[in-house]
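Biologist: Hey, got a minute to go through the charged pairs and the cysteines with me? Let me pull it up.

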Amino acid sequence: QVQLVESGGGLVQPGGSLRLSCAASGSISSVYSMGWYRQAPGKQRELVAQINSGYSTFYADFVKGRFTISRDNGKNTVDLQMNSLKPEDTAVYYCKDNLREIWGQGTQVTVSS
């Protein structure tokens with residue numbers, strides 16, 4: 001079973017940037033869709049962005065123009081570059097293999113002054 005491990009979360013001030021990385025223990029080259037999701041306290045988990053094997057991307061409206069998702073099939077990684085962060089971006093961010101329904105353990109992102 002492939003495992004996903006997220007890293008790169010932390011505390012950042014509003015307007016700042018973070019780069020999250022998701023490392024897979026196995027190949028993701030055949031995985032059509034990989035995604036980043038987030039869950040804030042008391043809220044449902046929601047899709048942030050996803051990227052397919054052809055490198056086309058989808059972004060939730062609340063992150064368009066601020067976040068960028070990328071994948072490296074050679075390194076089996078999926079990254080999320082987050083710029084212009086807002087307090088409402090505070091959440092646990094999860095990586096997901098949308099094909100095999102595999103989730104990572106999550107990484108906390110806190111945006112606060």
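Modeller: Sure. One thing up front: a residue counts as buried when its relative accessible area is under 20%, and as exposed when that area is over 50%. Also, keep in mind that this is a predicted model.

Biologist: Fine. So is R66 buried or exposed?

Modeller: R66 has a relative accessible area of 10%, so R66 is buried.

Biologist: Huh, an arginine. Which residue does R66 form a salt bridge with?

Modeller: With D89; their closest N and O atoms are 2.7 Å apart. D89 sits in the loop between β8 (77-82) and β9 (91-97), while R66 sits in the loop between β6 (57-59) and β7 (67-72), so the pair ties together parts that are 23 residues apart in sequence.

Biologist: And D89, buried or exposed?

Modeller: D89 is buried, with a relative accessible area of 0%.

Biologist: Which residues are in the network with those two?

Modeller: R38 and E46. Together with R66 and D89, they are linked in a network of salt bridges.

Biologist: Why would such side chains pair up at all?

Modeller: In general, side chains of opposite charge can pair when their charged atoms come close.

Biologist: OK, zooming out. How many salt bridges turn up in the whole structure?

Modeller: Seven, from a search of the whole structure. One of them is between K64 and D61, with 3.2 Å from N to O. Both K64 and D61 are exposed.

Biologist: What about K96, which residue does it form a salt bridge with?

Modeller: E101, with the closest N and O atoms 3.1 Å apart. K96 has 9% relative accessibility, so K96 counts as buried. E101 has 51%, so E101 counts as exposed.

Biologist: So that one has a buried end at K96 and an exposed end at E101. Got it. Switching to cysteines: how many disulfides does the structure hold?

Modeller: One. C22 and C95 form it, and their sulfur atoms are 2.1 Å apart.

Biologist: Where in the chain are C22 and C95?

Modeller: C22 is in strand β3 (residues 18-24) and C95 is in strand β9. The two are 73 residues apart, and the pair links distant parts of the chain.

Biologist: Is that link left-handed or right-handed?

Modeller: Left-handed, with -75° about the S-S bond.

Biologist: Last one: are C22 and C95 buried or exposed?

Modeller: Both C22 and C95 are buried.

Biologist: Great, that covers my list. Thanks!

Conventions:
Residues numbered from 1 in each chain as written. Predicted model: local features only at pLDDT ≥ 70, side-chain atom pairs only at ≥ 80, totals over all residues. Heavy atoms only, no water. Salt bridge = Lys/Arg side-chain N within 4 Å of Asp/Glu carboxyl O. Buried < 20%, exposed > 50% of the residue type's maximum accessible area, 1.4 Å probe, protein only. Helix = DSSP H or I, 4+ residues; strand = E, 2+ residues; numbered from the N terminus. Disulfide = S-S within 2.5 Å.
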